[in-house]
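User: I would like to learn how to read the features of a structure like this one. Please give the general idea each time, then the case at hand.

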Amino acid sequence: MKTSARLLRLLTLLQSRRDWSGADLSERLAVEVRTLRRDVERLRELGYEIHASSGVGGGYRLGAGTTLPPLRLDDDEAVTIAVALGTVAASIPHLQDTALAVLVKLDQLLPARLRRRTRALHSMTIAMTGGPRVDPALLATIATACRDTEQLLFTYEDSRGHAKARTVEPLRLAHTGRVWYLVAWDVDREDWRTFRVDRIAHRGLRVGPRFVPREPPEDVATYVSRSIAAAPYRSRVRLVLRGSAAEMAKVVPSWVGVLEPLDDERCVFTVGGDTVEAIVSQIVLAGVDFELLEPRDLAPRIREIGQRLVRGARAR
């Protein structure tokens, strides 16, 4: 074997077992002991920590270094990691962005045969997060387009169930804890938009030409929060919460609604929902007293729900 191929083979052997004797490695690589020593030194220069011991029972062991060197994976290991990353990206808070970034790196390196295996496994995996299911391959495609500043062309289904073709310049993916959103410049509408990823049709999605990145409208997380709050819900209310905006931000997720400071002890909370019950559930989760600002005609419905809860609590 050439030196480069032999080094990769040696690295694979060292990662597959804790201890190796020099004789075993020399035999596996079909080289002399002197050549093996030189190859070990080359790996050390590349950042791999390789411990050597002499005498009877001596040999080589791959140790942990001060930095993480390149990792060599076989087919099964690569598929396993890709599936695990897709699960993390879809379900574990605070790790979605990192998992997705690693998934993008891995996805662009996977051979076609391994990509097919990975997507087949994803299709048979059930997510228990409570949010809509999103294909990790779709996330990886969108994230890659964001990274490489490439247009995306896809069919998008809005909240009313109407499907339309969209051409966008993707900026960033954002995860609310339940739902993935794409923040992008809509080429046809000439404005920034947020798109629910679970409503983007994977079939027919195409990557278009490169584009020059635009200045984002504001902080991405803030923009997504405002966009979600402004979505066309059937009902929308504005409340005064008995707590500062900073305090309420710790208990009210950004994807639920928008908090605006009123004074040191109060804030205005704007929240929407398709039912009054859904809105009341978000008010209850805030865990503080509130005052309804608008619309006032929802007050009787909110009182009715409150009375229903009181009756249920009294029942034996």
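Analyst: Helices and strands here are DSSP runs, numbered from the N terminus. The model is predicted. With that numbering, Asp158 falls in the loop between β3 (150-157) and β4 (163-175).

User: How many helices and strands does the chain have?

Analyst: The chain has eleven helices and eleven strands.

User: Is Asp158 buried, partly exposed or exposed?

Analyst: Buried means under 20% relative accessible area and exposed means over 50%, with partly exposed in between. Asp158 has 21% relative accessibility, so this residue counts as partly exposed. Over the whole chain of 316 residues, 37% count as buried.

User: What lies 2.9 Å from a polar atom of the side chain of Asp158?

Analyst: The backbone nitrogen of His162 lies at that distance from the Asp158 side chain. For a pair separated further along the chain, take Asp158 and Phe195: they are 37 residues apart in sequence, and their C-alpha atoms are 8.7 Å apart in space.

User: How should I read contacts across the chain as a whole?

Analyst: Consider contacts between residues at least 6 apart in sequence; of these, 57% join residues at least 24 apart.

User: Where is Thr149 found, and why does Thr149 count as buried or exposed?

Analyst: Thr149 sits in the loop between α7 (136-148) and β3. Its relative accessible area is 15%, and the cut-off for buried is under 20%, so Thr149 is buried. Just after α7, Thr149 takes a positive phi of about 50°.

User: Which residues are in contact with Thr149, beyond its neighbours within four places in sequence?

Analyst: Those residues are Pro209, Arg210, Phe211 and Pro213. With Arg210 there is also a side-chain to side-chain polar contact of 3.2 Å.

User: How is the helix before Thr149 read, in length and in cover?

Analyst: Length is judged against the span expected at 1.5 Å a residue; α7 has 13 residues and reaches 18 Å from its first C-alpha to its last, close to the expected 18 Å. As for cover, ten of the 13 residues of α7 are buried, among them Pro136, Leu138, Leu139, Ile142 and Cys146.

User: What about the outside: which residues make a nonpolar surface patch of about 240 Å²?

Analyst: Leu71, Leu73 and Ile81 make that patch. Leu71 is placed in the loop between β2 (59-63) and α4 (75-91). At 60% relative accessibility, Leu71 is over the 50% cut-off and therefore counts as exposed. For the chain, the accessible surface comes to about 18,900 Å², and 52% of that belongs to carbon and sulfur atoms.

How values were computed: Residues numbered from 1 in each chain as written. Predicted model: local features only at pLDDT ≥ 70, side-chain atom pairs only at ≥ 80, totals over all residues. Heavy atoms only, no water. Patch = residues over 30% accessible without salt bridge, like charges linked within 9 Å, V, L, I, M, F, W, Y side chains within 5 Å. Areas by Shrake-Rupley, 256 points an atom, 1.4 Å probe, with all protein chains shown as cover. Salt bridge = Lys/Arg side-chain N within 4 Å of Asp/Glu carboxyl O. Helix = DSSP H or I, 4+ residues; strand = E, 2+ residues; numbered from the N terminus. Buried < 20%, exposed > 50% of the residue type's maximum accessible area, 1.4 Å probe, protein only. Contact = heavy atoms within 4.5 Å. Polar contact = N/O pair within 3.5 Å; in protein donor to acceptor, adjacent residues only side chain to side chain. Expected span 1.5 Å × (residues − 1).
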